[in-house]
Structures are given as C-alpha cells and as structure tokens.
Amino acid sequence: MLRPVNLWFALLGLGSSKLRSALTTLGVIIGVAAVIVIVSLGDGLRRSTQQQMEAFSHGIVEIRPAYRMMPFMVESPGAVRAVEVEVVGGKMSGDRIVQQPALAMEDVAALRQLATSASAVIGQVEAYGQVFYRGQQVPMGQIVGVPPEYLQVYRMEIRYGRFFTAEEEANAAPVVVLEEGLVTQVWGEGANPVGEVLRIFVNGVTQNFEIIGVLGSPGGMMGYTQRAMVTPLRTAQLRLSQGGSGGVGLITARVDARDTASRRFAVAQINTILRARHGLTEGTPEDYYIYDTLQFSEESQRIVQVITLVLSLIAGISLVVGSIGLMNIMLVSVSERTYEIGLRRALG
C-alpha cells in the first residue's frame with residue numbers, strides 16, 4: 001500500500017534531480033507516443049487504401065478475350081516461313097489477321113442466368129476514334145459502348161443530365177455521356193456541357209454525337225482521372241466500326257462479396273460457365289481471361305501491413321531503449337541512496 005509519506009519522499013527525489021527526471025519522462029513519453037502514432041497511421045493508411053482501391057476498381061470482375069499465338073505465313077527471299085503473331089482472338093484470312101472477339105452477348109446472357117454470385121453482368125465494346133469539339137481535338141482516353149445497366153454495375157451517379165435509355169440503346173442513338181475528368185479537362189471545373197455536340201471521326205467517317213449527361217467522379221486513387229466517353233452498346237457496335245457483330249470486348253460482372261473466399265468462388269463459377277459455353281474440354285486453355293479487380297487491393301493491403309509492422313517494430317525498439325534508460329536511472333537513484341535507505345529502515 002502506498003503511504004502518503006512514501007509519495008512525498010518520491011516527489012522530493014524527483015525534485016532533487018529535475019533534469020534527469022525530465023529526460024527520463026521525455027524518453028518514455030516519446031517511445032509510447034511513437035508506438036501509438038505509427039499504429040494509428042498504419043490503420044488509417046490501410047483504410048484509406050482500401051477505400052481508394054474500392055472506388056477505383058468498383059469491385060467488379062472483368063472477362064476479356066485471351067491473348068494467343070497464331071501462325072502467320074510471310075514470304076522472304078528464297079523461302080516462305082511461318083512466324084507467330086500475338087493477337088486478341090481472331091482468325092487467319094489470306095495474309096491478314098481478322099479480329100474476331102472471343103466473347104459474345106450469348107456469354108453475357110449465360111452469366112446473367114447462371115452466375116448466382118454476380119449481382120449484375122454487362123457486355124462492353126471498347127472503341128477508339130478522333131473526337132472534335134468546335135474544331136479542336138479532344139484529348140481523351142477511349143470510347144466505351146455499354147448497356148443502360150452500366151450505372152448499376154459500376155455504382156456510378158449522373159452529375160448533370162441523364163443516362164441513355166434502353167430505347168436509345170436499341171436504336172443505336174448517337175448520344176454520349178462523358179466522365180467528369182474529361183469534362184473538367186475540356187470545359188473546366190464544374191462545367192455542364194449537356195446539349196453540346198461532339199464530332200467523332202472513325203475510319204474516314206465523321207458523325208455527330210450529342211452529349212446528354214456527365215458521370216460523377218467515383219473518387220478512386222489520388223491523381224487518377226477518368227477521361228472516357230460512354231455511348232450505347234449498339235451505337236458502338238453499329239456506328240464505331242464494329243460491323244454490327246454480337247461480339248463484345250469486355251464483360252464485367254459485379255460481385256458484392258468482399259471476402260477472398262467468396263470472390264474466388266465467384267471467379268471459379270464464372271470460369272465454369274464460360275468454359276461450358278465455349279465447349280472447352282479438360283486441359284484446353286481458355287480463350288479468355290478473368291481478372292478480379294480487388295486482387296490488386298489485397299496486394300496493396302499486404303504491402304501496407306508489412307510497412308506498418310516494420311514501423312511498429314522500429315517504434316517498439318525505441319520504446320525498449322527508453323525503458324532500459326528508465327531502469328538505468330532508477331538503478332542509479334537507488335544506488336546513490338543505499339545508505340539513506342538503510343538508515344531509514346534501521347530507524348523504522
């Protein structure tokens with residue numbers, strides 16, 4: 001039991017060596033504070049990374065045509081030799097490679113019906129072309145043809161205007177929705193270009209597209225800005241050099257589960273459905289590949305955990321060093337008062 005007289009003598013001892021007591025206390029405070037701050041910063045960094053990767057990836061699973069090697073006959077002086085050319089799906093036609101998507105709208109329909117782990121599935125077509133606004137070329141990323149369910153899959157919101165309807169998608173209407181990053185770059189911060197007309201030049205043909213909406217920025221990784229144009233899927237297929245085929249360049253499936261086991265099950269389920277759809281036998285490689293966008297998030301989380309662990313160890317070492325210094329000071333203080341302590345004990 002701590003008696004008041006003992007506390008009084010302890011305070012007197014601290015007061016007799018003010019500098020030593022202050023330095024000892026400061027060492028302990030710095031060590032404890034370093035551990036608390038580093039652990040808090042590590043947890044905050046982990047949460048921030050998780051939120052940014054979630055906004056960046058939207059938590060979707062992507063299916064794209066696989067790269068494969070195909071023989072390609074070329075003529076050389078005195079011989080005809082075969083070389084291999086890497087293409088994304090396709091078939092040989094004479095001396096040319098004709099692109100033929102390995103994914104079709106029938107794959108999308110099958111996944112919508114059978115993939116119970118996916119809450120929504122859509123097909124997309126990626127196209128490229130020169131875009132002009134009032135005679136000036138618009139610097140942008142790509143043109144993406146999507147169905148009206150695009151907002152549901154990517155959990156995005158309209159900032160200005162509206163999204164295109166199912167009727168506009170079925171009629172291949174020449175309308176576009178711009179992402180906010182592109183609007184900011186061309187028109188300025190907070191601009192509303194709804195109603196403006198863009199001219200898209202593809203394969204020697206120029207077409208007018210009306211801007212009907214602007215997508216709100218989903219956040220995402222710091223420094224990342226989206227600069228794409230979104231147009232109806234049929235519009236991209238019929239008007240932007242896709243030839244009206246039923247092929248798609250990308251299938252995206254929204255998987256709401258966030259634990260690793262559930263997402264791996266979703267990927268395995270999608271793979272099983274597509275292998276059956278494509279008639280792939282056991283041992284035959286897929287003509288597509290599946291990518292879970294949250295895999296990169298998991299890797300980032302592991303990196304953050306390792307960094308936090310290393311910093312925590314460093315802070316722990318500083319705390320141990322401070323504790324050893326404290327014990328050393330206490331030992332010196334007791335050693336200096338050995339005779340005093342003995343006399344007080346003898347006097348009771």
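**Salt bridges, cores and surface of the predicted model**

In the predicted model described here, Arg 64 counts as partly exposed, because its relative accessibility is 22%, whereas a residue is called buried only when the value is under 20%. Arg 64 forms a salt bridge with Glu 126, and the closest N and O atoms of this pair are 3.3 Å apart. The pair links distant parts of the chain, since Arg 64 belongs to strand β1 and Glu 126 to strand β7, with the two positions 62 residues apart in sequence. Glu 126, with a relative accessible area of 26%, is partly exposed. The pair also takes part in a wider arrangement, in which Glu 62, Arg 64 and Glu 126 are linked in a network of salt bridges.

In the whole structure, the search finds ten salt bridges, and two further examples are described here. In one of them, Glu 196 is paired with Arg 134, the closest N and O atoms being 3.8 Å apart. Glu 196 is located in the loop between α6 (180-187) and β13 (197-202), while Arg 134 is located in the loop between β8 and β9, so this salt bridge ties together parts that are 62 residues apart in sequence. Glu 196 is partly exposed, at a relative accessible area of 26%, and Arg 134 is exposed, at 67%. The backbone of Arg 134 deserves a remark as well, for this residue has a positive phi of about 55° although it is not a glycine.

In the other example, Glu 180 forms a salt bridge with Arg 159, and here the closest N and O atoms are 2.7 Å apart. Because Glu 180 lies in helix α6 and Arg 159 in strand β11, the pair ties together parts that are 21 residues apart in sequence. Glu 180 is buried, with a relative accessible area of 18%, whereas Arg 159, at 42% relative accessibility, counts as partly exposed.

Strand β11 (residues 158-161) also contains Gly 161, which is exposed, with a relative accessible area of 53%. Apart from its neighbours within four places in sequence, Gly 161 is in contact with Val 194, Ile 212 and Gly 213. Of these residues, Val 194 is 33 residues away from Gly 161 in sequence, and the distance in space from C-alpha to C-alpha is 6.2 Å.

A positive phi of about 55° is also found at Ala 172, which is likewise not a glycine. Ala 172 occupies the loop between α5 (166-170) and β12 (175-179), where, at 4% relative accessibility, this residue counts as buried.

The description now turns to the whole fold and its interior. The secondary structure of the protein comes to ten helices and 18 strands, and 34% of the 348 residues count as buried. Among contacts between residues at least 6 apart in sequence, 69% join residues at least 24 apart.

Helix α3 (residues 105-114) has Asp 107, Val 108, Ala 110 and Leu 111 as its buried residues. These cover an arc of only 165° around the axis, and therefore they are placed on the same side of α3. As a general background, an α-helix has 3.6 residues a turn, so residues three or four places apart point the same way. The cover over the buried residues of α3 includes β1 (60-65), β6 (103-104), β7 (120-127), β17 (250-254) and α8 (260-277).

The largest nonpolar core of the protein has 40 residues, and those with the most contacts inside it are Leu 111 and Met 229. Helix α8 provides four residues, which is the largest share of this core. Leaving out residues up to four places away in sequence, Leu 111 touches Ile 63, Val 121, Ile 251, Ile 270, Ile 273 and Leu 274. Apart from this core lies another core, of 17 residues, which includes Ile 60, Ala 120, Val 153 and Phe 164.

The accessible surface of the protein comes to about 20,300 Å², of which 59% belongs to carbon and sulfur atoms. In soluble globular proteins, nonpolar side chains tend to be buried together. On the surface of this model, however, Ile 303, Val 306, Ile 307, Val 310, Leu 311 and Ile 314 form a nonpolar patch, with about 520 Å² of accessible area together. Within this group, Val 306 is part of helix α9 (residues 295-336) and is exposed, with a relative accessible area of 51%.

How values were computed: Residues numbered from 1 in each chain as written. Predicted model: local features only at pLDDT ≥ 70, side-chain atom pairs only at ≥ 80, totals over all residues. Heavy atoms only, no water. Buried < 20%, exposed > 50% of the residue type's maximum accessible area, 1.4 Å probe, protein only. Arc of directions from axis to C-beta. Contact = heavy atoms within 4.5 Å. Core = buried A, V, L, I, M, F, W, Y, C linked by side-chain atoms within 4.5 Å. Areas by Shrake-Rupley, 256 points an atom, 1.4 Å probe, with all protein chains shown as cover. Patch = residues over 30% accessible without salt bridge, like charges linked within 9 Å, V, L, I, M, F, W, Y side chains within 5 Å. Salt bridge = Lys/Arg side-chain N within 4 Å of Asp/Glu carboxyl O.
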